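Hi,

Here is the structure I promised to pass on. My notes follow below it.

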Number of protein chains: 2
Amino acid sequence: MNKQLILKKRPVGAPSADTWQLITNEIPEPQEGEVVVQTHYISLDPAMRGWMNETKSYIPPVAIDDVMRAGTIGKVIKANNHPKFKIGDVLTGWGGVQQYFATDGKGHFKVDTSMVPMPKYIGALGMPGMTAYFGILEVGKIKEGDRVLVSGAAGAVGSVVGQIAKIKGCSVVGIAGGAEKCKYVVEELGFDACIDYKNENIHAGIKQHCPKGIDVYFDNVGGEILDAALARLRMHARVVICGAISQYNNKEAIVGPKNYLSLLVNRATMQGMVVLDYADRYKEAGMQMGMWMMQGKLKTEEDIYEGIENFYETYQRLFNGDKRGKLVLKVI
Amino acid sequence: MNKQLILKKRPVGAPSADTWQLITNEIPEPQEGEVVVQTHYISLDPAMRGWMNETKSYIPPVAIDDVMRAGTIGKVIKANNHPKFKIGDVLTGWGGVQQYFATDGKGHFKVDTSMVPMPKYIGALGMPGMTAYFGILEVGKIKEGDRVLVSGAAGAVGSVVGQIAKIKGCSVVGIAGGAEKCKYVVEELGFDACIDYKNENIHAGIKQHCPKGIDVYFDNVGGEILDAALARLRMHARVVICGAISQYNNKEAIVGPKNYLSLLVNRATMQGMVVLDYADRYKEAGMQMGMWMMQGKLKTEEDIYEGIENFYETYQRLFNGDKRGKLVLKVI
């Protein structure tokens, strides 16, 4: 049987257990030209919260009673004259929160798991890694010697952003929640410093670690931390708007950055990005990132939980901070 | 005698009559290598409000008991072996709110008033015009066919921004306060439409006049209008942050743009600008703008009031909207 998680209602604020419902269906059969994939790992991402809103965004909302959208990696178990994929192939794509699905293969890519374990393909070599790569290089436009500040520094995107910036010769300051995460960010990932926003004053921390100001701020969180970063921009600074996790569960309007006029004072740029725009360059980025991993310059970690039944509990870790690196749900 | 307006205290919120004090001094004598200028016209600009704050900005604050900073144009009445300037020359620069001043000439430029009247040199051919020119072309990066939205459309900067965008083949929608100003913006300046924010719903107005969204928004005002514009950005839109007149007199923190995540959804850019950065290109811009004026493609207007004694009363027109085009104080 095929367990599927469907969206039952649009959450107001944080989702609750009854936002979704786990249902059971027959395992699908492939139509002519289709394959059926058994999902092994499901990617859990803060962006999921946005996909549940009815508001127009960069991607259509998940419809009520549809399977919850998610990035996945899994193995082809049935094939019906598919032109490219055969049984045993490992595919990554938008499989959704379910154990099995049929697909004509659009939006799914075959990957080689002989060298790289499956979860990595939905982590550092998947959306979060691609987001980090194109966000910091193409939008952040880092150059050697830049002082780079990264929020969510122990997370799937931020951890990679900071390491790429280090590889490119920047000095890098992270922001993360808790002493343990900060220790990880500095000692394991090699950031120059990390500010613990749960126990330190964020303004004082930025002032201490970026005494001359910030050249590039990579924002995953929004809210007060974005404002604190804006207050210390250098001339011609770049602010990359990648996400705003502190605001996603707001019941009222988002809090806007009250220090946005720092953009004027410092002739700075704030630019939004969506990784999907770089799809035709994922391969280039993946090869580069794989190389850095093999050279030991890029460390990535997955935090793996088990069981599709535990989706809601695991999802909550995205927002309460109780995870490190890429959050993954193992479903086989 | 020389009447000078000095800053007596830093205003909290809007300035009041006792923010400044008018004092009388001797007319200065030029030292060796100096000239003395008699000011004819003083430029009144919303940016003046910012210069009175103690906060670090793109220019140092005016010190307490210093002459209030202002752009000026006037005539050399005394000279003491100045290498470039002689009696009778007309100079524009940072003369401040006073009738006479001595200068070594740094930051002052000689202009030709045989074709162009003096006030134009502190208006469309001065800071506001330069701001409009470089803001919309270099930061807004307009291209033919763009839908451009401009706030403060009847003002010194906005009126020029919109006309340049029209010259470049964009369709242009203004935002201004009151039916009369809107009529001026459309019928005299040639904008395609103008939204009267005092009598119309700004969200509905933008939706009506920019049905496919906004490619470039030139922001002089901040606050609710900035938020309304952000809500209707097109993909890859550019938001030029030139000023935030609605926020300058806030007693509490500035209101940040709560719709800033539209930058992410639409891969858009919000960039601040300060005209001083383009000083080495003022001449190029001035020649182009002068040409457009002679061709009748660029209409500019000055709203001139008289008497240094009336500075405070005239200054208030910047913020209560009771003026059109460039606000100028005639002091001779």
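Is the crossing of α3(A) and α4(A) left-handed or right-handed? The crossing is right-handed (clockwise turn of the near helix from the far one by less than a right angle; anticlockwise would be left-handed).

Before the rest, a caveat: this is a predicted model, where local features need pLDDT of at least 70, side-chain atom pairs count only at pLDDT 80 or more, and totals for chains, interfaces and linings use all residues. Residues are numbered from 1 along each chain as its sequence is written, with chains lettered from A and ligands numbered from 1 in the order in which they are written.

Back to that helix pair (helices are DSSP runs of H or I, at least four residues; strands are E, at least two; both numbered from the N terminus). The axes of α3(A) (residues 127-139) and α4(A) (residues 158-167) come within 8 Å and cross at roughly 45° (lines fitted to C-alpha atoms over the stretch in contact, angles from 0 to 180 degrees between N-to-C directions). The two are therefore oblique to each other (not under 35 degrees, over 145 or 65 to 115). Residues in contact (C-beta atoms, placed from the backbone, within 7 Å) include Ala132(A) and Ile136(A) in α3(A), and Val161(A) and Ile164(A) in α4(A).

In chain B, eight of the 10 residues of helix α3 (158-167) are buried (20 or more other C-beta atoms within 10 Å of a residue's own). Those buried residues pack against α2 (127-139), β8 (147-151), β9 (171-176) and β11 (214-219) of chain B. Just after α3(B), Gly169(B) has a positive phi of about 90°.

Cheers

Technical notes. A residue is buried if 20 or more other C-beta atoms lie within 10 Å of its own, exposed if 12 or fewer, and partly exposed in between; C-beta atoms are placed from the backbone. Two residues are in contact if their C-beta atoms, placed from the backbone, lie within 7 Å.
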